[in-house]
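Subject: Structure handover

Hi there,

Here is the structure I promised to pass on to you. Please have it open while you read the notes underneath.

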Amino acid sequence: MYLTKVNKMDRNSAQKEIHRLRREINRHDRLYYVLARPEISDRDYDALMHRLLELEEQHPGLVAPDSPTQRVAGEPLPGFAQIRHPVPMLSLDNTYNEKDLREFDQRVCKGLDGQSYRYVVELKIDGVAVSLMYRRGLLEYGATRGDGTKGDDITSNLKTIKAIPLSLDSGDGAIQELEVRGEVYLPKKEFARLNDIKQQEGQASFANPRNAAAGSLKQLDPRTVAQRKLSLFVYGIGRPPQNIDQHYQTMEFLKGLGFRVNPNIGLCRGISQVIDYCNQWEQKRDTLDYEIDGMVIKVDSFAQQRQLGATTHSPRWAIAYKFPARQAVTVLRTVEFSLGRTGVVTPVAILDPVLLSGSTVSRASMHNEDELVKKDIHYGDTVFVEKAGEIIPQIIKAVPEKRPPRAKPVKMPKECPSCSEPLARNPEEAAWRCLNVSCPAQVKGRIEYFASRGAMDIDGLGTAMVEILVNSGLIKDYGDLYSLQGEQIMKLERMGMKSAENLLEGIQKSKSSPFWKVVMALGIANVGAQVARLLVQRYCNMEKLQNAGCEDISQIYGLGPAVGSSVENFFANKKNLAVLEKLKKAKVRMEAEETPGAPQTFAGMTVVLTGSLQNYTREQVTELIVSRGGQVTSSVSKKTSLVLVGSEPGSKLDKAKSLGVKLIDEREFLRMVKGL
Ligand SMILES: [Zn+2]
């Protein structure tokens, strides 16, 4: 990629460069978030962003409200201001079956006095409706639908969503005012990820992606919203421009401006085609990576829409067709309290088996104590269960009228179901935990997690095998796996030579798992795959990670104090260190793999660059250092290993001198790059 060389630029060239970078970043945002067709790696993208940030820092007067750097610039808000919608956001009437749809069509037909008309049929995204106001091509504000007339001003939160353009691709900026409407949603995968994290942290999980999206948009801190990876599809315009007279055309127009439009739009003549199209999507809904709860049917022509008009609540030219709810009614027989590797106790409902969207359901999550109390669940209750996304079903509500006499409310146990130690609840979280680290259920959970796919990926070591190995006393932690002997395993019940061999082979193979997987497999709270990779990028071996400390870890871009303190706590625990020792003895990988070719001369170092170099751009320098095991940060601190000083260095040099950080010049840098 071409990047201009770093020099203290004069204002004019800086301005040109800033514009070029913004265009480039916006183009890549669009390729990635709108068209799902990325052209560059994340690292190259970060380099562009880094460069733009730097130039804007040098020239604060050139920062513009639609700069990509402004997506997460907002400070937490005390609350939301109200915004009045220029055109009310009406809600749609709902229909639930074919008959309703045919009746809707008859009303349309009558209202249009026999003119011919066509329908546009769109997916009804299960998200949160928002309004985006663009003036002179720039996003001015964004608001929730609210009551349809007034909504909350959530501009800084919406700006974090990269599918929302901050400025329009209208070329000459001729569009004076445009109010675009869309649906903000959380992709299913992201929903599952968020709930995983919530569960790990012992917080109540979100019931469904829509709630998660709505909850995210109501966060007062835009930085939290930015981590939620929300997305958006647009579906209309408040007041369409004069030259556009059809809905379908509107969607093409929006696409041209850089908006994300759902590709599954159907054009239908006649209500039978509409019904077919709706039925097709009801079958195919699970193939999408977001939730839809129905279809939206609109008369295409604006002239005809105007002719049909609206009631006080909803237009007469459009209607929603809702898919049947994926709910079922059954009876709650009993409750199991299951315990994961983190010690959090989760109530799981055991149900009379019932068919729910294609599969038989007999267990459902009830999340935590607060949910039990809120939903007032009793043993023997008749309950509604629902599937949200692809996760396990959950109980939506109980039907108190059908409650058996003298039924007892479901309560959390006071003692651990596995080890009988008393449970504890931190007042800040909803979860009850067992604090006993040797608790058998937690021990098993940790070993299972260690061996799971994505972590050490040990074939043949699933739930059942872990259960057998722990119950027989052969292993007490995952470190013990590596001293297992074939004869020991074969003595166990139902274990043949073949399965013993397989298991041992799987364990043996896991020793060569990449270092980041080892870090992940340790089971440190808040350290999943992504975080483990970031940690390993910074700390090239276990010893460095162990000694890093909360403060240093918190400063890694993308991590925070939560990760920092859980890593620190993990290594502060003597029992964990003893287990780690067993892994070391077994020669499980304890350091990052070397990149073939490049000598790791910057391994574990944190380097800061100040000024400009003769032969390299800032991005090239970063690449050279990172590929040799080092890390580049933007500010000098006590933890900085080296400061690379170019010509016209800035204040970073003074800071480095005052802290006594080692300084190197370009020649010395070159020498290190070559591994001399
Ligand atoms: Zn326990």
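Below is what came out of the analysis, starting with the ground rules.

This is a predicted model, so to speak with its own filters: local features need pLDDT of at least 70, side-chain atom pairs count only at pLDDT 80 or more, and totals for chains, interfaces and linings use all residues. Residues are numbered from 1 along each chain as its sequence is written, and side-chain values use heavy atoms, with hydrogens and water left out.

**Layout**

The protein is divided into domain 1 (11-63), domain 2 (94-322), domain 3 (327-425), domain 4 (440-510), domain 5 (515-585) and domain 6 (606-673); such bounds come from an automatic or database domain assignment. Taken over C-alpha atoms, the centres of domain 2 and domain 6 are separated by 48 Å.

**The zinc site**

Four cysteine sulfurs coordinate the zinc ion at 2.2 to 2.4 Å: the SG atoms of Cys 416, Cys 419, Cys 434 and Cys 439. Donors here are N, O and S atoms within 2.8 Å of the metal (3.2 Å for Na, K and Ca); water is not among the atoms, so sites may look incomplete. The angles among the four donor atoms run from 100 to 113 degrees, and the site is tetrahedral (for four donors, all angles between 85 and 135 degrees). Along the chain the donors follow the spacing C-x2-C-x14-C-x4-C. Cys 416 sits in the loop between strand E16 (394-398) and strand E17 (423-425), and Cys 439 in the loop between strand E18 (432-434) and helix H12 (440-451), so this pair ties together parts that are 23 residues apart in sequence. Helices (H or I, at least four residues) and strands (E, at least two) are DSSP runs, numbered from the N terminus.

Cys 416 is buried at 3% relative accessible area, Cys 439 is buried at 0%, and Cys 419 also counts as buried, at 19%. The cut-offs are under 20% for buried and over 50% for exposed, with partly exposed in between (1.4 Å probe, protein chains only). The loop between E16 and E17 also holds Ser 420, which is partly exposed at 47% and has a positive phi of about 65 degrees although it is not a glycine.

As for disulfides (a pair of cysteine sulfur atoms within 2.5 Å), a search of the whole structure finds zero.

**The cores**

A nonpolar core is a set of buried Ala, Val, Leu, Ile, Met, Phe, Trp, Tyr and Cys residues joined through side-chain atoms within 4.5 Å. The largest one has 54 residues, of which Leu 481, Tyr 482 and Leu 535 touch the most other members. H16 (515-521) gives the largest share, six residues. Domain 4 and domain 5 each contribute at least three residues to this core. Leaving aside residues up to four places away in sequence, Leu 481 touches Ile 447, Phe 450, Ile 458, Leu 461, Leu 469, Ile 475 and Ile 507, where contact means heavy atoms within 4.5 Å. A second, separate core has 35 residues, among them Val 128, Ala 212, Ala 213 and Leu 254.

**Two exposed residues**

Lys 587 has a positive phi of about 65 degrees although it is not a glycine, and is exposed at 67%. His 313 is exposed at 57%, yet touches Leu 90 and Ser 91, not counting residues up to four places away in sequence.

Best wishes

Definitions and conventions. Tetrahedral: all angles 85-135°; square planar, octahedral: opposite > 155°, others 65-115°.
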